[in-house]
Amino acid sequence: MTCKFFVPGPTWVRPEILSEMTGPMIGHRSAEFRELFTGITTDLKSLFGTAQDTFVATCSGTGMLEAALINSATRRVLVTVCGAFSERWFRIAQSLGLEADKIEVPWGEAVSPDALANHLMSRRAHYDAVCVTHNETSTGVTNDVAALARVVRDESPDTLVLVDAVSALGGIEVRFDEWGLDVCLASVQKGLALPPGITVLAVSAQALARAKKVPYRGFYFDFLSFKKNAGEGSVPATPSIPHFYALARQLGDILRKETLEARYRRHRAMRDVTIERTSSFARLRTDRDHASNTVSALEPLHKTPEEFRSEMKKRGFTIGGGYGDWKESTFRIGHMGDITLADLSAMLDVLEEVGR
Ligand code: PLP
């Protein structure tokens with residue numbers, strides 16, 4: 001089955017994954033569900049690189065961005081901003097009535113660990129949490145989460161590190177424990193190549209301890225309720241069970257068929273071939289050293305992004321449009337999830353033809 005769908009989420013879903021979703025309904029307090037859920041949370045630990053807690057929530061990634069902030073912060077947070085999705089952290093923080101500061105870099109650049117260190121050292125304010133976006137989908141920039149988290153750990157050890165890995169997880173390596181992260185989350189319609197509808201997350205012991213001190217954590221997204229229910233092999237409220245079937249199958253395929261190492265290698269190769277084969281007719285808008293393995297934002301040289309998209313559409317291929325500030329000037333190619341190098345190359349053959 002070939003893929004002709006190259007938007008940076010939702011991504012193409014393999015037919016065998018879709019058919020997993022037609023499994024029989026089971027109760028979410030049943031022994032069958034307990035087995036399904038326990039298998040998933042165990043596999044998620046391997047994916048996140050953690051021995052701490054992993055959970056699944058029935059909502060898209062934005063719900064869990066909000067939940068991460070609600071469970072972690074009561075007063076003040078710092079948001080690192082490098083595009084539209086990292087800006088979303090800031091807007092959510094403001095919507096919750098938190099005092100939110102930001103450090104911001106121009107679109108196309110990655111957040112500098114030095115700038116973060118300077119900010120934390122020079123500011124007298126104490127932050128409950130620092131918010132980071134692993135892979136900025138609007139620009140195709142990957143931030144050095146390991147370095148950013150190290151800065152926070154060194155400068156302000158009790159500040160939690162909250163990471164949006166929505167367009168990273170499953171395509172770009174995450175090492176939750178080694179990097180010292182506190183909450184890391186991803187909706188599943190990107191690097192995990194499932195239909196949208198659920199979000200996976202890892203939560204540190206330090207983050208759970210913080211949640212205990214937050215008096216009003218809400219009800220649906222209470223991390224302590226996630227933890228209590230997970231102890232019984234379940235979730236607080238009725239989950240999207242079809243997604244859980246698909247996730248279990250996909251995690252098994254990723255970890256035991258393809259393997260994480262091969263998956264990350266494939267994603268790096270997809271980035272490289274995309275950049276190389278578009279260079280004669282489009283400019284990569286992103287700092288090459290931080291160019292994402294999962295999405296490329298490209299500014300065409302001779303045609304408008306819209307012309308590219310509609311000409312590709314006529315030839316049966318869907319590519320992504322620009323986003324936010326770069327909406328008019330770029331198109332984006334999503335090269336993540338279960339897309340093969342062969343499928344990507346076939347699309348790039350046609351894109352080259354259009355670009356000529
Ligand atoms: N964060 C990033 C980096 C994203 O790319 C997206 C969606 O594209 C989101 C957050 C929002 O996720 P969702 O649409 O699953 O709520």
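Me: What does leucine 181 touch, leaving out residues up to four places away in sequence?
Reply: In this predicted model, Leu181 touches Val145, Ala149, Arg153, Val161, Val163, Val174, Phe176 and Ser204. Each counts as a contact because heavy atoms come within 4.5 Å.

Me: What makes the set that holds Leu181 a nonpolar core?
Reply: The test is burial, residue type and side-chain atoms within 4.5 Å. The largest such core has 58 residues. Phe48, Val56, Leu116, Leu169, Leu181, Val200 and Phe244 touch the most other members. Helix α10, residues 241-258, gives the most to this core, with 8 residues. A second, separate core has 34 residues, including Leu65, Ala68, Ala207 and Leu224.

Me: Why is glutamine 189 called buried?
Reply: The cut-off is under 20% relative accessible area. Glutamine 189 has 12% relative accessibility, so it counts as buried.

Me: Where does glutamine 189 lie, and which residues does it touch, leaving out those up to four places away in sequence?
Reply: Gln189 is in the loop between β9 (183-187) and β10 (199-203). It touches Gly9, Pro10, Thr11, Leu194, Pro195 and Pro196.

Me: What makes the pairing of glutamine 189 and serine 187 a polar contact?
Reply: The limit for the N or O pair is 3.5 Å. The side chains of Gln189 and Ser187 are joined at 3.4 Å, so the distance passes.

Me: How do you know which residues are around the ligand?
Reply: A heavy atom must lie within 4 Å of the ligand. The residues around it are Ser60, Gly61, Thr62, Phe85, Arg88, Asn135, Thr137, Asp164, Val166, Ser187, Gln189 and Lys190. Helices α3 (61-72) and α4 each supply at least two of the shell.

Me: What makes the serine 60, aspartate 164 and lysine 190 pairs with the ligand polar contacts?
Reply: The cut-off is again 3.5 Å between N or O atoms. A side-chain N or O atom of Ser60 is 2.5 Å from a ligand oxygen. For Asp164, a side-chain N or O atom is 2.5 Å from a ligand nitrogen. A polar side-chain atom of Lys190 is 2.5 Å from a ligand oxygen. Each distance is within 3.5 Å, so these pairs qualify. Taken alone, the ligand exposes 390 Å², and the protein buries 89% of that.

Me: How do you know that the span of α4 is close to the expected one?
Reply: Helix α4, residues 84-95, has 12 residues. It reaches 16 Å from first C-alpha to last, close to the 16 Å expected at 1.5 Å a residue. Its buried residues include Phe85, Trp89 and Phe90. Just after α4, glycine 97 takes a positive phi of about 80 degrees.

How values were computed
Residues are numbered from 1 along each chain as its sequence is written. This is a predicted model: local features need pLDDT of at least 70, side-chain atom pairs count only at pLDDT 80 or more; totals for chains, interfaces and linings use all residues. Side-chain values use heavy atoms; hydrogens and water are left out. Buried means under 20% relative accessible area, exposed over 50%, partly exposed in between (1.4 Å probe, protein chains only). Helices (H or I, at least four residues) and strands (E, at least two) are DSSP runs, numbered from the N terminus. The expected span of a helix is 1.5 Å times one less than its number of residues. A polar contact is a pair of N or O atoms within 3.5 Å; within protein, one must be able to donate a hydrogen and the other to accept it, and residues adjacent in sequence count only if both atoms are side-chain atoms. Accessible areas come from the Shrake-Rupley method with a 1.4 Å probe; for residues, only the protein chains shown count as cover.
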